[in-house]
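Me: Could you walk me through this structure, one question at a time? I would like to see the reasoning behind each answer.

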Amino acid sequence: MDIKLLNKDKEKVSFIIKNTDNVFVNTLRRNITSNVPTMAIDTVKFIKNSSALYDEILAHRLGLVVLKTDLKSYSLKTESKSKKSSTTELLLTLDCKGPCTVYAEDLKSKDPKVKPVYPKTVIVKLDKNQELKLEATAVLGTGKQHAKFSPGLMWYQGYPNINISKPNASGVTEAVKVCPTKVFRAENKQLKVHDMDKCILCMACVDLLGENVISVKGSNEDFIVNLESWGQLKHNEILEKAVEVMDEKLDDFTDEIKKIK
Ligand code: SF4
């Protein structure tokens, strides 16, 4: 298996995985969405709420506040017995009096490493004489329990294989224009592939020129993978944890298999 980085920025990474199959890539995707843990607010104790919103609406909003996650110091409640040193929950407090806008940054965390990633997320607006005072408990959880714990979104496609059998066919200029990701360029009135990695398999070029001129097919062995983090964890932390989870599941499976020998 080979991996080649295509591009990355703070939120998103794209890379090619070669010599694998759909099962492996899809298992990685499912593990990221469902089994990589992050911190999120899970319970809220309202001490005072005279805002225009009910407790339930505010609790729901607080649950969706993206929290920076420290996987080294916290563990899932189900794992806490095996990892005696790590903590399972964190208290955040909020105490605001109107008139003001209450933002995620108004949540005061007892752990400076775990705090809102997007400080200006609006929780509620308070009018004059309105007040909001609460204690929120954040825990480590997985996307399998609730989508608020998902660390990001991974999607993938087969690596494109573009075959131009009639590069001089009419419609070269239109094909360059119709491709939404600028895969082609025209050279001496001939259609040339300029950047294969950008093809999203939309088939607009095939619809325009016909299958007797061009064919586009996604590979079943090589894949372009995109991963967008919601902010709780960095891309590399998400990928490393997903692989660790896959490893643990296979170890468990191996142990069970040994028992039936
Ligand atoms: S399939 Fe779509 S993205 Fe790929 S080359 Fe054709 S028009 Fe461009």
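**Packing, ligand and backbone**

Reply: Happy to! Leaving aside neighbours within four places in sequence, Ala 136 is in contact with Ile 41, Val 44, Leu 62, Leu 92 and Leu 107. Contact here means that the C-beta atoms of two residues, placed from the backbone, lie within 7 Å. This is a predicted model, so local features need pLDDT of at least 70 and side-chain atom pairs count only at pLDDT 80 or more, while totals for chains, interfaces and linings use all residues. Residues are numbered from 1 along each chain as its sequence is written.

Me: Which strand gives the most to the largest nonpolar core?

Reply: A nonpolar core is a set of buried Ala, Val, Leu, Ile, Met, Phe, Trp, Tyr and Cys residues joined through C-beta atoms within 7 Å. The largest one has 24 residues, and Met 39, Ile 41, Leu 62, Ala 136 and Ala 138 have the most contacts inside it. At least two residues each come from strand 3 (38-49), helix 2 (55-63), strand 4 (89-97), strand 7 (122-126) and strand 8 (131-141); helices (H or I, at least four residues) and strands (E, at least two) are DSSP runs numbered from the N terminus. With five residues, the biggest giver to this core is strand 8.

Me: Is Leu 132 buried or exposed?

Reply: Leu 132 lies in strand 8. Leaving aside neighbours within four places in sequence, its contacts include Leu 94, Cys 96, Val 102, Val 124 and Leu 126. A residue is buried if 20 or more other C-beta atoms lie within 10 Å of its own, exposed if 12 or fewer, and partly exposed in between, with C-beta atoms placed from the backbone. Leu 132 has 23 other C-beta atoms within 10 Å, so the answer is buried.

Me: How are helix 1 and helix 5 oriented to each other?

Reply: The axes of helix 1 (residues 22-35) and helix 5 (residues 235-259) come within 9 Å and cross at roughly 105°. Axes are lines fitted to C-alpha atoms, for helices over the stretch in contact, and angles run from 0 to 180 degrees between N-to-C directions. Angles under 35 degrees count as roughly parallel, over 145 as roughly antiparallel, 65 to 115 as roughly perpendicular and the rest as oblique. Helix 1 is therefore, relative to helix 5, roughly perpendicular.

Me: How many nonpolar residues are in the shell around the ligand?

Reply: Of the 14 residues around the ligand, Cys 179, Val 183, Cys 199, Cys 202 and Cys 205 come nearest (a residue is near if its C-beta atom, placed from the backbone, lies within 6 Å). Strand 9 (152-164) and helix 4 (204-209) are the elements giving two or more residues to this shell. Ala, Val, Leu, Ile, Met, Phe, Trp, Tyr, Cys and Pro count as nonpolar, Asp, Glu, Lys and Arg as charged, and the others, Gly among them, as polar. The shell has no charged residues and one polar residue, and its nonpolar residues number 13.

Me: Is Asn 19 buried or exposed?

Reply: Asn 19 sits in the loop between strand 2 (12-18) and helix 1. Its phi is near 60°, a positive value in a residue other than glycine. With 8 other C-beta atoms within 10 Å, Asn 19 is exposed.

Me: Which residue does a cis peptide bond join to Gly 98?

Reply: The partner lies in the loop between strand 4 and strand 5 (100-103). Omega of this bond is about 5°, and the residue joined to Gly 98 is Pro 99.
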